[in-house]
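Trainee: I should like to study this structure with you, moving from the whole chain to single residues. May we begin?

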Amino acid sequence: MPTLARHDTAHSLAKGYATVIDLYTWTTPNGRKASIMLEEIGLPYTVHPIDISKDEQFAPDFLKIAPNNRIPAIVDRDNNISLMESGAILIYLADKTGKLLPKSGEGRYHTIEWLMWQMGGPGPMLGQVHHFVKYNPGKAPYAEERYLKEAHRLYKVLNTRLEGRQFVADEYSIADIAIWPWISRFEWQTIDMKNYPHVKRWYETIAARPAVQRGYKIPTDMGPIPMP
Ligand SMILES: N[C@@H](CCC(=O)N[C@@H](CS)C(=O)NCC(=O)O)C(=O)O
């Protein structure tokens, strides 16, 4: 792996705690899921930026932790467990700390249900919208139409779920943390949030959380959180 810049978070430095989690990440929705989670649960962590625009995700040392060559990934210094895949990371950190995922019962499964919905739906589908609509407009009109249609379908599903509910699984949870960073790219997705008022209210509520604001800026401050 290229020499990685390491920096302890303001959180861990301010509190004077020793790092527990090594976080390998970049300034993307999947990366921000992990940094927002770490800020929410308050586990001291050290950030290792993996600049995917420079192919650092293919470095052999990183591949030992994340064989799928994608961020985010973590290593837990307490037990040397390493994990890739943001959904697995969220479940692991929730179980380690007892936070943001009910330990048992229906609430646990509904939280995992909506986490899996994010991993199979908004993650890959909105990723395709970014690829075709934001970065390669005009090259593949059918793909633009297909993925934009899917984006609107997913926003509608989320909007319906949030009608009469504060958060996707009632209590704020890892499901919200997984979905929110993808919705924060609503401008790239050409989504007018006025059409999804429950998503807009939910999005703004989560954007106001101090931990989300800190996690959004990891590993680098790329500007303020977009607001509808
Ligand atoms: N399913 C994976 C997806 C991770 C993913 O796609 N990460 C992107 C950044 S958002 C990445 O590392 N891309 C590097 C590449 O495509 O080589 C997860 O949720 O962790």
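Trainee: What percentage of the contacts in the chain with a separation of 6 or more is accounted for by residues 24 or more positions apart?

Mentor: This is a predicted model, in which local features need pLDDT of at least 70 and side-chain atom pairs count only at pLDDT 80 or more, while totals for chains, interfaces and linings use all residues. Residues are numbered from 1 along each chain as its sequence is written, and side-chain values use heavy atoms, with hydrogens and water left out. A contact means heavy atoms within 4.5 Å. Of the contacts with a separation of 6 or more, the share from residues 24 or more positions apart is 67%.

Trainee: How many helices and strands does the chain have, and what is its radius of gyration?

Mentor: Helices (H or I, at least four residues) and strands (E, at least two) are DSSP runs, numbered from the N terminus. The secondary structure comes to ten helices and five strands. The globule rule (2.2 Å times the number of residues to the power 0.38, compared with a radius taken over C-alpha atoms) gives 17 Å for 228 residues, so the chain is as compact as a globular protein of that length, its radius of gyration being 17 Å.

Trainee: What percentage of the 228 residues is buried?

Mentor: Buried means under 20% relative accessible area, exposed over 50%, and partly exposed in between, with a 1.4 Å probe and protein chains only. By that criterion, the buried part of the 228 residues is 52%.

Trainee: How many residues of helix H8 are buried?

Mentor: Helix H8 covers residues 174–183 and is mostly covered. Among its buried residues are Asp176, Trp180 and Trp182. The number of buried residues in H8 is ten of ten.

Trainee: Which residue has a side-chain oxygen that reaches the backbone nitrogen of alanine 175?

Mentor: A polar contact is a pair of N or O atoms within 3.5 Å; within protein, one must be able to donate a hydrogen and the other to accept it, and residues adjacent in sequence count only if both atoms are side-chain atoms. At the start of H8, the oxygen comes to within 3.1 Å of that nitrogen, and it belongs to serine 173.

Trainee: Which side chain of opposite charge is nearest to lysine 33?

Mentor: Lysine 33 is found in helix H2, residues 29–41, and touches residues of H8, including Ile177 and Trp182. Its side chain has a polar contact of 2.9 Å with that of asparagine 30. Lys and Arg count as positive and Asp and Glu as negative, whereas His and the chain ends are not counted. Lysine 33 is buried and has no salt bridge (a side-chain nitrogen of Lys or Arg within 4 Å of a carboxyl oxygen of Asp or Glu), for the nearest such side chain lies 7.1 Å away: glutamate 85.

Trainee: Which residue forms a salt bridge with arginine 209?

Mentor: The closest N and O atoms of this pair are 2.8 Å apart, and the partner of arginine 209 is glutamate 40. Arginine 209 lies in the loop between helices H9 and H10 and glutamate 40 in helix H2, so the pair ties together parts 169 residues apart in sequence. Arginine 209 is partly exposed at 28% relative accessibility, whereas the buried partner, at 18%, is glutamate 40.

Trainee: What is the relative accessible area of aspartate 76?

Mentor: Aspartate 76 forms a salt bridge with lysine 96, with the closest N and O atoms 2.8 Å apart. The pair links strand S4 to helix H4. Lysine 96 counts as partly exposed at 32%, whereas aspartate 76 is buried, with a relative accessible area of 0%.

Conventions: Lists of a residue's contacts leave out its neighbours within four places in sequence.
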